[in-house]
Amino acid sequence: MLFHALDTMNTDEVNSVKKWISSVLDDQEFMSETTDLVLACKDGTTLCQLVNKLKPGALSEEWLRSPQSVDDYGLNLELFLNCLRQTFGIDEDYLFNPQYLIEYTRPKTGDFSLPLVSLLTTLQQLMKEKPPRTRVLKSTPLKRSKEVSSDEDLLKSLRRNFSGEIVLPSGSYDYATSRSTLNKHVNALPRLILRPRNAHDVSLAIKFAKIHKWVIDVKSRGNSTTEFGVRDNSMLLDFKLMTGIFIDQGLKTVTIQPGACWADVQKAVFPYLVVAPHDSASGVGALLSGSSGPLVNSHGLPLDLLLSAEIIMADGEVRTASRKT
Ligand SMILES: Cc1cc2nc3c(=O)[nH]c(=O)nc-3n(C[C@H](O)[C@H](O)[C@H](O)COP(=O)(O)OP(=O)(O)OC[C@H]3O[C@@H](n4cnc5c(N)ncnc54)[C@H](O)[C@@H]3O)c2cc1C
C-alpha cells in the first residue's frame, strides 16, 4: 500500500490533506504553502488534536500538549497510532512508522520524502472517517464532553459501593479493550464501562442504569459477530474480572462466572476426566446462543445441561433460576 502511494502522491493530495486538517482544527496555518506537513505533525500534538476533534474523548488526557523531547514526541505519536488502530479500526498497513516523523528534517522543496508519503497515507485513511456530528446525532444529540462531566457527577454515588472497575470514555487501554469485540466493524463508544467483580456489583450497575435511564449492554468474551453487544452511549457491563470456574467433584457440577470462556472451562475440568460441553474462545454469551459443537449430537447443547443460573433482574434483585425454582 505504501509503495503504491509513493508512485501516485502529488501536490494536490498534500494540499487536500492540509485543507482537511485546517477545516477539522479550524486552523488556517495548515493552508499555507510554506507549512511543512510532517514538521507540523512531528511532535504528535496536531495528530492527537485531530482524533479528539473527530471523536471527542477518543484520546484521554495522557497525551502531551507541550512535548519537550523526542521521547515525548514518540509517546504522542504512539497514542495517536493506537487510537487509529483501536478506535478508528484503521489497518496496520496504512499506519506510518513514528520513527520516520521523529527523525524527519525538511527536504529540498518539491521532494516527496518517505515520512511525508507515509504520513499522508495514514491521514488519508483518517479522512474517510465521518465528521463526529453525523454519528452523535444518530444516537443522541447530547455532546460527549458534557456527558463525561455529568456522568462523573452521577458516578460519585456508584463509586462508594461498587467494588469493580469503572472505566470512563477516553483513549485509554482499558476503555479500548473493554469496548472492542471480535467483530472489528463494531466501533461503538459506550458512555460508561463497568467491570463488576460480583453479583452485587451487577445489581448496583443495573439499578444505576435504571435510575438514569441508560441502555445496558453486556459483554462476556466479545465473540458475538452481531452489533448488539456493544453500542454507542450505552452502559457496558464487561465481565472481564469475573472469569472464575468452580468445580464440585462430589456433585460433578461446574459453576462458571459470566466472563469465563469455554476453552478455560475445558482445561479446568480436564484433570477430572470429564469434558465440558463446549470448547472455544466464546464465553457465556455462547451459552445463551446455543454453543453448538462436536458433542451436540451425543450430549445436547450446553444450554440443555444448565442446572441453574444466578440472574440479576431488571430491578437489580438477585435471583436463582433452576428447574426447581
Ligand atoms: C471464531 C468464532 C468461532 C465460533 N464458533 C462457534 C461454535 O463452534 N459454536 C457455536 O455455537 N458458536 C460459535 N461461535 C459463535 C459464538 O459462540 C457466539 O457469537 C457467542 O454469542 C459468543 O459468545 P461471547 O460470550 O464470546 O460473546 P459476547 O459478544 O460477549 O456475548 C454475546 C451476546 O450475549 C450477550 N451476553 C453475554 N454475556 C451475557 C450475560 N452474562 N448476560 C446476558 N447477556 C449476555 C451479549 O450482550 C451479546 O449479545 C463462534 C464465533 C466466533 C467469532
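## A ligand shell and three helix contacts

Let's start at the ligand: β3 (216-219) and α13 (284-289) each supply at least two residues of the shell around it. The model you are looking at is predicted, so please read everything below as a description of that model.

**Around the ligand**

Which element gives the largest share of the shell? That is α13, with 5 residues. In total, 26 residues surround the ligand, and those that come nearest are Ser-220, Arg-221, Asn-223, Ser-224 and Gly-285. Sorted by class, the shell holds 16 polar residues, 7 nonpolar ones and 3 charged ones.

Why does the ligand shell lie between two domains? Domain 2 (133-238) and domain 3 (245-322) both contribute residues to the shell, so it lies between them.

**Helices that pack together**

Now let's turn to some helix pairs. The table gives the axis geometry of each.

| Helix pair | Axis distance | Angle |
|---|---|---|
| α4 (residues 45-54) and α5 (residues 70-86) | within 8 Å | roughly 30° |
| α2 (residues 11-25) and α4 | within 10 Å | roughly 65° |
| α2 and α7 (residues 114-127) | 11 Å | about 50° |

We can take the pairs in turn, beginning with α4 and α5. Their axes cross at roughly 30°, which makes α4 roughly parallel to α5. The crossing of α4 past α5 is left-handed. On the α4 side, Thr-45, Leu-47, Cys-48 and Val-51 take part, and they meet Asn-76, Leu-79, Phe-80 and Cys-83 of α5. This contact of α4 with α5 has 6 nonpolar and 2 polar residues, with no charged ones.

Helix α4 also has a contact with α2. The axes of α2 and α4 come within 10 Å and cross at roughly 65°, and α2 passes α4 in a left-handed crossing. Which residues of α2 meet α4? They are Ile-21, Val-24 and Leu-25, and their partners in α4 are Gln-49, Leu-50, Lys-53 and Leu-54. By class, the contact of α2 with α4 comprises 5 nonpolar residues, 1 polar and 1 charged.

Helix α2 packs with α7 as well. Here the axes lie 11 Å apart at an angle of about 50°, and that makes α2 oblique to α7. The α2 and α7 crossing is left-handed. From α2 come Glu-13, Val-14, Val-17 and Trp-20, which meet Leu-120, Leu-123, Gln-124 and Met-127 in α7. The contact of α2 with α7 divides into 6 nonpolar residues, 1 polar and 1 charged.

**Putting it together**

To find your way in the structure, you might begin with α2, which meets α4 through residues including Leu-25 and meets α7 through residues including Trp-20. From α4, residues such as Val-51 lead on to α5. For the ligand, look between domain 2 and domain 3, where its shell lies.

Conventions
Residues are numbered from 1 along each chain as its sequence is written. This is a predicted model: local features need pLDDT of at least 70, side-chain atom pairs count only at pLDDT 80 or more; totals for chains, interfaces and linings use all residues. Axes are lines fitted to C-alpha atoms, for helices over the stretch in contact, and angles run from 0 to 180 degrees between N-to-C directions. Helices (H or I, at least four residues) and strands (E, at least two) are DSSP runs, numbered from the N terminus. Angles under 35 degrees count as roughly parallel, over 145 as roughly antiparallel, 65 to 115 as roughly perpendicular and the rest as oblique. A crossing is left-handed if the near helix is turned anticlockwise from the far one by less than a right angle, and right-handed if clockwise. Two residues are in contact if their C-beta atoms, placed from the backbone, lie within 7 Å. Ala, Val, Leu, Ile, Met, Phe, Trp, Tyr, Cys and Pro count as nonpolar, Asp, Glu, Lys and Arg as charged, and the others, Gly among them, as polar. A residue is near a molecule or strand if its C-beta atom, placed from the backbone, lies within 6 Å of it. Domain bounds come from an automatic or database domain assignment.
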